[in-house]
Amino acid sequence: MEKIIVAATKNRHKIREIEAITSEFGMSIISRDEAGVPDIEVVEDGETFEENSYKKAYEIMKLCGRVTIADDSGLVVDCLDGAPGVYSARFAGIDGDDDANNRKLTELIKDVPYEERTARFVSVITMVFPDGDTVVARGEVEGHLLTEARGREGFGYDPLFVPAGYDRTFGELDPGIKNSISHRANALKELRRKLLNREGIKR
């Protein structure tokens, strides 16, 4: 199995989370810069996490000619009919403005009873090989949303999200615990299972 994987994302938080888990599988992540990929933006215009994840991985793989991994993830809120979904990073209009996104989300759910504030984080990880082969893995983690942020760990909506079975938000949990139960962890575990099932893949 290829041990050096190019990360399509430039999000340092995501790279750290992915690498913390892939290192257990013997895979090292290198950045786009290290792989010599030009500084381009892949337009995420897909309607699903799967479409965006594949597009990012495929476009970067074409530029570097190496196995590339991409993650598309977001928060799906039941009382908001699935929003923000694929628009999670730019929910408030500016890509990556976590504070603005959290303010918009809490404003929309402030009058919703806690028991109805169910939500899940979704991560779809796609690994694209130079020969065109593709492996796709999806992971989710269920939970509830708060209307006030708690904790400084993680990023994005983490301070508002209480995973099922816990009484602390992702923003309060130790990163090691979060990395063991997160949507991204579950997607990577599924990715690992699929890789191990591929012909010729050895642990």
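## Exercises on a predicted chain

The accessible surface of the chain comes to about 10,200 Å², and carbon and sulfur atoms account for 47% of that. Keep in mind that this is a predicted model.

**Exercise 1. Work out how the chain's radius of gyration sits against the rule for a compact globule.**

Step 1: Start with the length, which is 203 residues.

Step 2: For that many residues, a compact globule would have a radius of gyration near 17 Å.

Step 3: The chain has 17 Å, so the value agrees with the rule.

Step 4: Now add some context. The C-alpha atoms fill a box of roughly 50 × 35 × 25 Å along the principal axes, and buried residues make up 47% of the chain. Take the contacts between residues at least 6 apart in sequence: 58% of them join residues at least 24 apart.

**Exercise 2. Write down the order of helices and strands along the chain.**

Step 1: Count the elements, and you get 5 helices and 6 strands.

Step 2: Read along the sequence, and the pattern comes out as β-α-β-α-β-α-β-β-β-α-α.

**Exercise 3. Describe the largest pocket: its volume, its lining and the classes of residue there.**

Step 1: Put a number on the space. The volume is about 920 Å³.

Step 2: Look at who lines this pocket. There are 34 lining residues, and Thr9, Asn11, Lys14, Ala89 and Asp95 lie nearest the centre. Helix 1 (12-22), strand 3 (68-77), helix 3 (98-109) and helix 5 (183-197) are the elements that give two or more residues to this lining.

Step 3: Sort the lining by class, and you find 15 charged, 10 polar and 9 nonpolar residues.

**Exercise 4. Do the same for the second largest pocket, starting from its volume.**

Step 1: The volume here is about 180 Å³.

Step 2: His13, Arg16, Glu17, Glu153, Gly154, Phe155, Phe170, Leu173, Pro175, Lys178 and Asn179 form the lining. Two or more of the lining residues come from each of helix 1 and helix 4 (175-181).

Step 3: By class, that makes 4 nonpolar, 3 polar and 4 charged residues.

**Exercise 5. Is threonine 147 buried, partly exposed or exposed, and which residues does it touch?**

Step 1: Find the spot. Threonine 147 sits in the loop between strand 5 (134-145) and strand 6 (161-163).

Step 2: Check the relative accessible area, which is 31%. Buried needs under 20% and exposed needs over 50%, so threonine 147 counts as partly exposed.

Step 3: List the partners, skipping residues up to four places away in sequence. Threonine 147 touches Thr106, Ile109, Lys110, Arg117 and Leu160.

Step 4: Pick out arginine 117. This residue is 30 places from threonine 147 in sequence, and the two C-alpha atoms are 9.5 Å apart in space.

**Exercise 6. Which backbone features turn up at proline 84 and aspartate 81?**

Step 1: Place them. Proline 84 lies in the loop between strand 3 and helix 3, and aspartate 81 is in the loop between strand 3 and helix 3 as well.

Step 2: Look at the peptide bond joining alanine 83 and proline 84. This bond is cis, with omega about 0°.

Step 3: Turn to aspartate 81. Its phi is positive, about 55°, although the residue is not a glycine.

Step 4: Finish with accessibility. Aspartate 81 has a relative accessibility of 77%, and therefore counts as exposed, the cut-off being over 50%.

Methods. Residues are numbered from 1 along each chain as its sequence is written. This is a predicted model: local features need pLDDT of at least 70, side-chain atom pairs count only at pLDDT 80 or more; totals for chains, interfaces and linings use all residues. Side-chain values use heavy atoms; hydrogens and water are left out. On a 1 Å grid over the protein atoms alone, a cavity is a set of points where a 1.4 Å probe fits but cannot get out, and a pocket is an open set with protein on both sides within 12 Å along at least five of seven lines; lining residues have an atom within 4 Å of a point. Grid points are joined across faces, edges and corners, and a volume is the space filled by probe spheres set on the points. Helices (H or I, at least four residues) and strands (E, at least two) are DSSP runs, numbered from the N terminus. Ala, Val, Leu, Ile, Met, Phe, Trp, Tyr, Cys and Pro count as nonpolar, Asp, Glu, Lys and Arg as charged, and the others, Gly among them, as polar. The radius of gyration is taken over C-alpha atoms; the globule rule is 2.2 Å times the number of residues to the power 0.38. Buried means under 20% relative accessible area, exposed over 50%, partly exposed in between (1.4 Å probe, protein chains only). Contact means heavy atoms within 4.5 Å. Accessible areas come from the Shrake-Rupley method with a 1.4 Å probe; for residues, only the protein chains shown count as cover.
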